[in-house]
Amino acid sequence: VTNGDDGDDDGKNAEKMTLKKASQLLSTFWSMAFPYYQESKPGRRLFYGMILLTLMNSGVSVAFSYVSKDFWNALSSKDTQEFYSMMVKYGGALVVGAPVS
């Protein structure tokens, strides 16, 4: 039978944070984090590339939305001529847009 006392004394036995220890921790953190905040030309190019791909992904999603809407409208109205035309456009959009998404 235990009385719920696990010998921790509410953290009194835990190591105290001193100014020296805090300084060492901050120094260690800074030495690990600093390289991530340095600018470089390759990093800047990668960032711009990421922004470009994000915008292209959004554009492809909007284009698929419009093509899909027209495809389903042609199907709903039972317009075979428009349906086949939109089916070709939808297939083309898949071939061109799928690698971007």
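Colleague: Which residues of α3 are buried?

Modeller: Phe83, Met86 and Gly97 are the buried residues of α3. Bear in mind that this is a predicted model.

Colleague: How do you know that they are on the same side of α3?

Modeller: They cover an arc of only 75 degrees around the axis, so they share one side of α3. On the other side of α3, the exposed residues are Thr80, Gln81, Tyr84, Val88, Val95 and Val96.

Colleague: What do the buried residues of α3 pack against?

Modeller: They pack against α2, residues 41-76.

Colleague: How do you know that the span of helix α3 agrees with its number of residues?

Modeller: Helix α3 has 18 residues, 80-97. At 1.5 Å a residue, they should span 26 Å. The end C-alpha atoms are 25 Å apart, so the two values agree.

Colleague: What makes up the largest nonpolar core?

Modeller: Five residues: Val67, Phe71, Ala74, Phe83 and Met86. At least two of them come from each of α2 and α3. The largest share, three residues, comes from α2. In soluble globular proteins, nonpolar side chains tend to be buried together.

Colleague: What is alanine 74 in contact with, leaving aside its neighbours within four places in sequence?

Modeller: Alanine 74 is in contact with Asp79, Glu82 and Phe83.

Colleague: Why is phenylalanine 71 called buried?

Modeller: Its relative accessible area is 14%. Buried means under 20%, so phenylalanine 71 qualifies.

Colleague: Why does tyrosine 90 count as partly exposed?

Modeller: Tyrosine 90 has 28% relative accessibility. Partly exposed lies between the 20% and 50% cut-offs, so the term fits tyrosine 90.

Colleague: Why is the pair of phenylalanine 71 and tyrosine 90 called stacked?

Modeller: Their ring centres are 5.6 Å apart, and a pair needs centres within 6.5 Å. Their planes are at 25 degrees. Stacked means under 30 degrees, so this pair is stacked. The pair links distant parts of the chain: phenylalanine 71 lies in helix α2 and tyrosine 90 in helix α3, 19 residues apart.

Colleague: How many aromatic pairs does a search of the whole structure find?

Modeller: Seven. One of them, phenylalanine 47 with tyrosine 48, is tilted.

Colleague: What makes that pair tilted?

Modeller: The centres are 6.0 Å apart, with 55 degrees between the planes. That angle is neither under 30 degrees nor over 60, so the pair counts as tilted. Phenylalanine 47 is partly exposed at 44% relative accessibility. Tyrosine 48 is partly exposed as well, at 47%.

Colleague: Which residues do ring pairs link into a cluster?

Modeller: Phe64, Phe71, Trp72, Phe83, Tyr84 and Tyr90.

Note on methods
Residues are numbered from 1 along each chain as its sequence is written. This is a predicted model: local features need pLDDT of at least 70, side-chain atom pairs count only at pLDDT 80 or more; totals for chains, interfaces and linings use all residues. Side-chain values use heavy atoms; hydrogens and water are left out. Helices (H or I, at least four residues) and strands (E, at least two) are DSSP runs, numbered from the N terminus. The expected span of a helix is 1.5 Å times one less than its number of residues. Buried means under 20% relative accessible area, exposed over 50%, partly exposed in between (1.4 Å probe, protein chains only). The arc is that of the directions from the helix axis to the C-beta atoms. Contact means heavy atoms within 4.5 Å. A nonpolar core is a set of buried Ala, Val, Leu, Ile, Met, Phe, Trp, Tyr and Cys residues joined through side-chain atoms within 4.5 Å.
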